[in-house]
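Colleague: Could you pick one part of this model and walk me through it slowly? I'd like to hear what surrounds it and how the pieces are arranged.

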Amino acid sequence: MKSNYWLTYAILTTVFWGVWGAFIGLPAENGFPETLSYSVWAITMLLPAVVSLKGGGWKVQTDTRSIIYGSTIGFLGAGGQMVLFYAVNHGPAYLIFPIISLSPIITITLSFIFLKERATKRGILGILLAIIALPLFEYSQGEATSDSGILWFILAILVLAAWGFQAFFMKLSQHTMTGESVFFYMTLTGLLLIPVAIYMTDFNQPINWNADGPLLAAGIQLLNSIGALCLVFAFRYGKAIVVSPMTNAGAPLITAVISMIVLGFVPGPVKIAGIICAVLAAVLLAMEPEK
């Protein structure tokens with residue numbers, strides 16, 4: 001039934017992004033820079049974009065509003081990724097990612113104010129649990145570096161804002177746009193930023209061009225791309241205040257489980273608390289009605 005579409009796409013998003021998150025670091029560990037992984041990701045966006053457009057009859061909305069919405073969504077997402085690359089080179093990742101993970105707060109606030117979206121008491125509890133779970137997944141002990149002062153913090157806030165606004169506009173745009181058109185512009189803007197990623201790459205360092213570099217990155221980043229397409233349609237059929245926290249908490253949950261089973265990683269008590277919160281949040285949000 002159509003009323004269940006949002007949940008199906010939201011679950012698919014969390015699964016694809018959860019698996020992606022578990023293996024995203026492998027190409028870099030093998031000597032393939034993250035900036036080049038971005039370029040590979042942008043190219044992998046073409047496959048789900050073609051599949052999506054084919055299913056939609058190869059129709060792309062080119063009116064002014066659609067171009068503005070589509071470009072805004074695309075540049076906020078891809079631009080946020082670009083800023084993130086710079087941020088992690090100037091600050092501690094264990095502090096940057098918890099900050100970024102709170103982006104659903106912006107999405108929820110904007111959707112509540114401007115889209116008049118509401119949730120049941122059960123849904124509100126699920127949203128709160130999801131927000132609590134997000135930084136717990138990224139928590140790790142360590143000492144922050146102060147080489148760049150507060151630059152890393154400012155950059156992290158910029159990424160948080162970019163991705164929070166992106167999710168809001170992704171929902172707002174689909175009052176007048178098709179999901180196929182939204183994803184087309186996301187793909188296009190991602191490709192347009194490839195020169196920036198290449199410029200940011202340090203080609204003086206050894207780069208692994210073997211199969212466990214770019215080809216492995218392509219396989220992993222394709223999961224990201226398919227998840228992004230599913231997210232577009234999750235927002236199309238569901239409420240942003242539910243979809244955003246569910247996917248942002250659900251994906252790290254799957255990543256944590258895979259890391260424990262496949263990679264032999266045993267989380268500490270804080271991450272276990274995050275897992276428990278995420279499971280409860282996912283169950284509560286999955287029971288939330290579409291309207």
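Modeller: Contact here means heavy atoms within 4.5 Å. Helices are DSSP runs (H or I, at least four residues), strands are likewise runs (E, at least two), and both are numbered from the N terminus. Before I start, this is a predicted model, where local features need pLDDT of at least 70 and side-chain atom pairs count only at pLDDT 80 or more, while totals for chains, interfaces and linings use all residues. Residues are numbered from 1 along each chain as its sequence is written, and side-chain values use heavy atoms, with hydrogens and water left out.

I'll take helix α4, which covers residues 46-55. Let's begin with what is hidden and what is not. Buried means under 20% relative accessible area, exposed means over 50%, and partly exposed is in between, with a 1.4 Å probe and protein chains only. By that rule, P48, A49, S52 and L53 of α4 are buried. Looking down the helix axis, these buried residues fit within an arc of 130°, so they line one face of α4. The arc is taken from the directions that run from the helix axis to the C-beta atoms. V51, K54 and G55 are exposed, on the other side of α4.

What sits over the buried residues of α4? The cover includes α3 (34-44), α10 (179-192) and α12 (211-237). I'll go through α10 and α3 in turn.

A packed pair of helices is described by the angle between the two axes and by the distance between them. The axes are lines fitted to C-alpha atoms, for helices over the stretch in contact, and the angles run from 0 to 180 degrees between N-to-C directions. For α4 and α10, the angle is about 155° and the axes are 9 Å apart. Angles under 35 degrees count as roughly parallel, over 145 as roughly antiparallel, 65 to 115 as roughly perpendicular, and the rest as oblique. The α4 and α10 pair is therefore roughly antiparallel. The crossing of α4 past α10 is left-handed, a label used when the near helix is turned anticlockwise from the far one by less than a right angle, with clockwise giving right-handed.

On the residue level, α4 brings L46, P48, A49, S52 and L53 to this contact, and α10 answers with E180, F183, F184, T187 and L191. Sorted by class, the residues in the contact are seven nonpolar, two polar and one charged. For the classes, Ala, Val, Leu, Ile, Met, Phe, Trp, Tyr, Cys and Pro count as nonpolar, Asp, Glu, Lys and Arg as charged, and the others, Gly among them, as polar.

Now for α3. The axes of α3 and α4 come within 5 Å and cross at roughly 15°, and that makes the two helices roughly parallel. Here A42, I43 and T44 of α3 meet L46, L47 and P48 of α4. By class, that contact has five nonpolar residues, one polar and no charged.

The two neighbours of α4 also touch one another. The axes of α3 and α10 come within 8 Å, crossing at roughly 150°, and the crossing is left-handed. Y38, W41, A42 and I43 are the α3 residues involved, and they meet T189, G190 and L191 of α10. Five nonpolar, two polar and no charged residues make up this contact. A42 and I43 of α3 thus turn up in the contact with α4 and in the one with α10, and L191 of α10 meets both α4 and α3.

Next, what comes after α4? The helix is followed by G57, whose phi is positive, near 75°. W58 has a positive phi too, about 60°, although W58 is not a glycine. For context, most residues other than glycine have a negative phi. W58 lies in the loop between α4 and α5 (64-88), and its relative accessibility of 54% means that W58 counts as exposed.

One last stop takes us back to α10, where S181 is found. S181 has 0% relative accessibility and therefore counts as buried. Leaving out residues up to four places away in sequence, S181 touches K59, V60 and Q61.
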